[in-house]
Amino acid sequence: MKTLLILRHAKSSWKDPGLRDHERPLNGRGRRDAPRMGVRICEEELSPGLIVSSTAARARQTAELVGETCGYTGSIALAPGLYFGSPGAYLEATHDVPSEVETLLVVGHNPGIQELVWMLSGREERMPTAALATIEFDIDSWQNLGTEAGELISVWRPKEIF
């Protein structure tokens, strides 16, 4: 059994119009919501064995804040392909994850995140900023992710739980 946590980055700042999109940081709400989602992960006993994040500043910051609050002590793997990547890019980023990792957290962007949830679970879910979907798979290796539909266990959206 494998558990995939799919997290859209928290709310980003548009304060500095001179910044490239890739460099936009979290805004105040994003800096509040990301740790809250980390607490939820901890409360649900879903602490990841590995976190894989987009290289965009807002996604990296989200991954760091969530990791800190859910007790994650490893390093965060950065995957450039997740920056506005397709669901296929997310699958590709998971295929090198060691089989001993039971719970994997990926942090990325829409529309790829929302499409990934639909592709892997068969359910369309709205994924606003800092939304977290949990999908379980009856697989032994992350290389098999995407070969069978998983079971969507939950979707948490910050505005609905805080």
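**Entry 1: overall dimensions**

The radius of gyration is taken here over C-alpha atoms, and the globule rule I compare it with is 2.2 Å times the number of residues to the power 0.38. I am working on a predicted model, and I looked up this value before anything else. For 162 residues the rule puts a compact globule near 15 Å, and the chain has 14 Å, which agrees. Along the principal axes I find that the C-alpha atoms fill a box of roughly 45 × 30 × 30 Å. I noted an accessible surface of about 7,700 Å² for the chain, with 48% of that belonging to carbon and sulfur atoms, and I noted that 52% of the 162 residues count as buried. I also looked at how contacts are spread along the sequence: among those between residues at least 6 apart, 74% join residues at least 24 apart.

**Entry 2: the order of elements and the sheet**

I counted five helices and six strands in the chain, and reading along the sequence I wrote down the pattern β-α-β-α-β-α-β-α-β-β-α. Next I traced the sheet, which is open, is formed by six strands in the order S3-S2-S4-S1-S5-S6, and has mixed pairing. Its edge strands are S3 (76-78) and S6 (151-156), each of which pairs on one side only. The twist from one strand to the next averages 20°. Beside the S3 edge, I followed S2 (residues 50-53), which pairs with S3 in the parallel sense over three bridges, and there I found Ile51 standing opposite Ile76.

**Entry 3: strand S1**

Which strands does S1 pair with, and in what sense? I find S5 (residues 132-137) paired with S1 in the antiparallel sense over six bridges, and S4 (residues 103-108) paired with S1 in the parallel sense, also over six bridges. For single positions I recorded that Leu7 stands opposite Leu132 in S5, while Arg8 has Gly108 as its bridge partner in S4.

I then checked how far S1 (residues 2-8) is covered, and found it mostly covered, with seven of its seven residues buried. In a regular strand the side chains alternate between the two faces of the sheet. I see Lys2, Leu4, Ile6 and Arg8 pointing one way from S1, with Thr3, Leu5 and Leu7 pointing the other way, and all of them are buried. I also looked for a helix over this part of the sheet, and noted that H4 (residues 112-121) lies across S1, S4, S5 and S6, running at about 155° to S1.

**Entry 4: the nonpolar core**

Nonpolar side chains tend to be buried together in soluble globular proteins. I therefore asked which of the 45 residues in the largest nonpolar core touch the most other members, and the answer is Leu4, Ile6, Leu104, Leu105 and Leu120. I followed Leu104 further: leaving aside its neighbours within four places in sequence, I list Thr3, Leu4, Leu5, Leu50, Val52, Thr94, Val97 and Trp142 as the residues in contact with Leu104.

**Entry 5: Asp33**

Is Asp33 buried or exposed? Asp33 lies in H1 (residues 28-43), and I read its relative accessibility as 6%, so Asp33 counts as buried, the cut-off being under 20%. Outside its neighbours within four places in sequence, I find Asp33 in contact with Ala130 and Pro158.

Key: Residues numbered from 1 in each chain as written. Predicted model: local features only at pLDDT ≥ 70, side-chain atom pairs only at ≥ 80, totals over all residues. Heavy atoms only, no water. Core = buried A, V, L, I, M, F, W, Y, C linked by side-chain atoms within 4.5 Å. Buried < 20%, exposed > 50% of the residue type's maximum accessible area, 1.4 Å probe, protein only. Contact = heavy atoms within 4.5 Å. Helix = DSSP H or I, 4+ residues; strand = E, 2+ residues; numbered from the N terminus. Pairing = 2+ DSSP bridges. Areas by Shrake-Rupley, 256 points an atom, 1.4 Å probe, with all protein chains shown as cover. Axes fitted to C-alpha atoms, helices over the stretch in contact; angles between N-to-C directions.
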